[in-house]
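Here is a short tour for anyone thinking about domains and ligand surroundings. Have a look at the model first, and then let's go through it together.

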Amino acid sequence: MFEQLKPQPADKILTLMQTYREDPRADKIDLGVGVYKNAQGVTPVMRAIKAAEHRLWEEQETKSYVGLLGDPAFSDAMIDLVLGDAVPRASVAAAATPGGTGAVRQAFEMIQYGNPKARVFVSDPTWPNHISILNYLGIETVAYRYFDSETGGVDFDGMLADLDQAQPGDVILLHGCCHNPTGANLNPVQWQEVIAVLKKTQAIPMIDIAYQGFGDGLDEDAAATRAVAAAMPETLIAASCSKNFGIYRERTGLLMAVSQGGANTGIARDTLAFLNRQNFSFPPDHGARLVTMILTDPELRADWAAELEEVRLSMLGLRKQLADELQKLTGSDRFAFLGQHRGMFSRLGTSPEMVEKLRADHGVYMVGDSRMNIAGLNARTVPVLAQAIVSAGI
Ligand code: PLP
Ligand code: TYF
């Protein structure tokens, strides 16, 4: 049977990681995979995670199975973090998943299970794994305009016009904050307009929130997700703990299905448990337990929030430095959008040829669509990158 298998295209982001590792140049700059790195280029274990792991090692007495939906205390803590008091707790069904990707996958499966005809509207561009998983499941995708490469911002009129084409039962996938791969985001007024289109079309919103705390702050980054969930009869939310808790390899995420409570919430909960059982039975627990310990212990929570804020501000500082440096070198505001973007990523808006030139001539590694991981920079390499961008003629 194995000989019948078809070779699959590699994940471009992960391939780039490998090419970077094999490059012998000492001054190479890695702006590829979306992993936070500090000024020394290290992805640290957060202080609160270390403390929680220490405590867990001392206190944990069993590693027996938990439940198909994971530990309810994890769901409660994460629902509180993401949704605050935007919706009644009784209207949320939730399942722990292997990372945010697991939550995305389970959400798509739930959509397909509930409505095999549903189409999923995705931003152009979106995180490549969205498209890959949707194609794999055979779910029809419809791209909506999003990034305006002229301005580096959102083509909001185009976006609204495309979303307006959704039919009742279609799903509109939105990034809650810190859009991957572009870094361009909607403002609160624009989110209200999106909500108006969701109501008009009766499409179902699905929000992927993988960078809460990386943009404008923990509550600020969740504001759009909260507004949508409060306004709509049904919302799916896929949340990741990989980035904001720095526990990438622990595979920690949560899928939330928000409805009007009562029987709908019950059937949503049963379906999430069923879908978990079909795919992996019990979700991973280690990362979820650490997150729960941190969010429910005031001291650990305060320390985690403080360290996350340092991370956020360091990326914001690098953005501003890069935008300023390019302003100085070009004498124009062409790159001002880099300072306005939020999160780990910014799409420079240049061609794959230019991206390759930056790699070959300057040892700068960004994804082929010109997405840069801002956290791959530090105060010393920002001017080097700015000079490389200008020398390449971008
Ligand atoms: N969604 C988006 C938009 C992402 O960028 C990522 C990657 O970090 C994820 C989901 C899921 O990440 P993970 O599965 O590592 O939690
Ligand atoms: O976009 C990124 O770089 C992150 C990390 O298959 C990632 O979201 C990259 C590729 C992948 C899974 C996660």
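How many residues of domain 1 are in contact with residues of domain 2? In this predicted model, 20 residues of domain 1 touch 23 residues of domain 2. Strand β11 (residues 345-347) supplies the largest share of the domain 1 side, with three residues. By character, that side of domain 1 holds nine nonpolar, six polar and five charged residues.

As for the layout, domain 1 covers 11-45 + 313-391, while domain 2 covers 65-296. Their centres, taken over C-alpha atoms, are 28 Å apart.

Now to the ligands, beginning with ligand 2. Its shell is made up of Asp11, Ile13, Leu14, Val33, Gly34, Trp127, Asn129 and Asn180. Both domains take part here: domain 1 and domain 2 each contribute at least three residues to the shell around ligand 2.

Ligand 1 has 15 residues around it, and the ones that come nearest are Gly99, Gly100, Thr101, Ser240 and Ser242. Helix α4 (residues 99-114) gives the largest share of this shell, four residues.

For handy reference, here is how the residues divide in each setting:

| Group of residues | Nonpolar | Polar | Charged |
|---|---|---|---|
| Side of domain 1 that touches domain 2 | nine residues | six residues | five residues |
| Shell around ligand 1 | four residues | nine residues | two residues |
| Shell around ligand 2 | four residues | three residues | one residue |

How values were computed: Residues are numbered from 1 along each chain as its sequence is written. Chains are lettered from A and ligands numbered from 1 in the order in which they are written. This is a predicted model: local features need pLDDT of at least 70, side-chain atom pairs count only at pLDDT 80 or more; totals for chains, interfaces and linings use all residues. Domain bounds come from an automatic or database domain assignment. Two residues are in contact if their C-beta atoms, placed from the backbone, lie within 7 Å. Helices (H or I, at least four residues) and strands (E, at least two) are DSSP runs, numbered from the N terminus. Ala, Val, Leu, Ile, Met, Phe, Trp, Tyr, Cys and Pro count as nonpolar, Asp, Glu, Lys and Arg as charged, and the others, Gly among them, as polar. A residue is near a molecule or strand if its C-beta atom, placed from the backbone, lies within 6 Å of it.
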